[in-house]
Amino acid sequence: MTTQYNSGPNYGGRFLGFLLALLLGAAGFAVFLRHATTGALGRIATLITGRTSTFDTSVPAVVEKIQRLNRLETVVYSLDTVVEGDRTSPILPDLLAGDKLILVVHGQSIAGIDLSQLKPEDVRIDATNRSIHVTLPASQLFLTTLDNQHTRVFARSTGLLVPVDQSLESDTRAKAQDQLQQAALSDGILDAARKNARATVTTLLYSLGFQSVDVT
């Protein structure tokens, strides 16, 4: 006796495939709606969901958000140099009464803008065009320091008739710090700090929803 089996349509498998495709499509659609926030895709998502984007374009709100950046440090200027300090006698030669040292110096200056000084009158907003103009406070040199781990006395010579001057090294370090600060200023650290701060604030304002941003 021969038994025959007839295979009919696999409705169960088709249903599972359809259900899987439906779930994947729904997931993809949800991702699209979540991330389509700008441009043509954003407009399509808005039409589908009926959602609208709102932006707080009031001057106090914008000033507060910028001020949260506080002391925005945008430039670090590093310098290695050699500084000489000395004590001399108006009468005796250095061999007898001089005191000299050579200091190898490594230090840095930090500059930026203190955005807590931003005032409401520094911000102009056109809500109709979603445009904004911001005038930043002046850039500042926040700090100039010597790296003590990499700053050292390279050489020192003291006259035969005088003791070692204990304050000479500290005075030479202060001189080196002043030279570092002047070098940073001469190399345009304040202009670089302002340029970098403008870029940071511009990025922030675009993220708040403004379409036209001018930061000076």
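**Exercise 1. A salt bridge between two strands**

Task: Starting from the salt bridge that Arg156 forms with Asp99, with the closest N and O atoms 2.8 Å apart, work out which parts of the chain the pair ties together and whether each partner is buried or exposed.

Solution: The model is a predicted one, and the values below are computed from it. First, place the partners: Arg156 lies in strand 6 and Asp99 in strand 2 (residues 99–114), so the salt bridge ties together parts that are 57 residues apart in sequence. Next, consider accessibility, for which buried means under 20% relative accessible area and exposed means over 50%, with partly exposed in between. Arg156, with a relative accessible area of 34%, is therefore partly exposed, whereas Asp99, at 3% relative accessibility, counts as buried. Finally, look at the strands themselves, since strand 2 and strand 6 run antiparallel and are joined by 6 bridges; within this pairing, Val153 in strand 6 is the bridge partner of Leu103.

**Exercise 2. A network around Arg87**

Task: Identify which residues are joined with Arg87 into one network by salt bridges that share partners, and describe where they lie in the chain.

Solution: Begin with the bridge between Asp165 and Arg87, in which the closest N and O atoms are 2.8 Å apart. This pair links distant parts of the chain, with Asp165 in the loop between strand 6 (152–158) and helix 5 (168–186) and Arg87 in strand 1 (residues 71–87), 78 residues apart. Then take the bridge in which the side chains of Arg87 and Asp171 meet, at 2.5 Å from N to O; here too distant parts are linked, with Arg87 in strand 1 and Asp171 in helix 5, 84 residues apart. Arg87 appears in both bridges, and the shared partner joins Arg87, Asp165 and Asp171 into one network. As for accessibility, Asp165 is partly exposed at 24%, Arg87 is partly exposed at 28%, and Asp171 is partly exposed at 38%. The structure as a whole holds 6 salt bridges.

**Exercise 3. The two sides of helix 6**

Task: Decide whether the end-to-end distance of helix 6 agrees with its number of residues, and find where its buried residues fall around the axis.

Solution: Helix 6 (residues 189–207) has 19 residues, which at 1.5 Å a residue should span 27 Å, and its end C-alpha atoms are indeed 27 Å apart. For the second part, list the buried residues, which are Ile189, Ala193, Ala197, Val201 and Leu205. Seen down the axis, the buried residues of helix 6 fall within an arc of 130°, so they line one face of the helix. The general reason for such a pattern is that an α-helix has 3.6 residues a turn, so residues three or four places apart point the same way. On the other side of helix 6, Asp191, Lys195 and Thr203 are exposed. Beyond the helix comes Gly209, whose phi is positive, near 110°.

**Exercise 4. From helix 3 to the largest nonpolar core**

Task: Establish which elements are included in the cover over the buried residues of helix 3, and which elements each supply at least two residues of the largest nonpolar core.

Solution: In helix 3 (residues 59–67), the buried residues are Ala61, Val62, Val63 and Ile66, and their cover includes strand 3 (123–126), strand 4 (131–134) and helix 6. The largest nonpolar core has 17 residues, and those with the most contacts inside it are Ile66, Ile132, Val134, Leu136 and Leu205. Helix 3, strand 4, helix 6 and strand 7 (212–215) each supply at least two residues of this core. Ile132 illustrates the packing, as its contacts beyond four places in sequence include Val62, Leu205, Phe210 and Val213. A second, separate core has 14 residues, among them Val75, Leu101, Ala176 and Ile189.

**Exercise 5. Positive phi outside glycine**

Task: Determine in which loop Asn70 lies and in which loop Arg130 lies, given that each has a positive phi without being a glycine.

Solution: The background is that most residues other than glycine have a negative phi. Asn70 has a phi of about 55° and lies in the loop between helix 3 and strand 1, where it is partly exposed at 40% relative accessibility. Arg130 has a phi near 50° and lies in the loop between strand 3 and strand 4; at 26% relative accessibility, Arg130 counts as partly exposed.

Notes. Residues numbered from 1 in each chain as written. Predicted model: local features only at pLDDT ≥ 70, side-chain atom pairs only at ≥ 80, totals over all residues. Heavy atoms only, no water. Salt bridge = Lys/Arg side-chain N within 4 Å of Asp/Glu carboxyl O. Helix = DSSP H or I, 4+ residues; strand = E, 2+ residues; numbered from the N terminus. Buried < 20%, exposed > 50% of the residue type's maximum accessible area, 1.4 Å probe, protein only. Expected span 1.5 Å × (residues − 1). Arc of directions from axis to C-beta. Pairing = 2+ DSSP bridges. Contact = heavy atoms within 4.5 Å. Core = buried A, V, L, I, M, F, W, Y, C linked by side-chain atoms within 4.5 Å.
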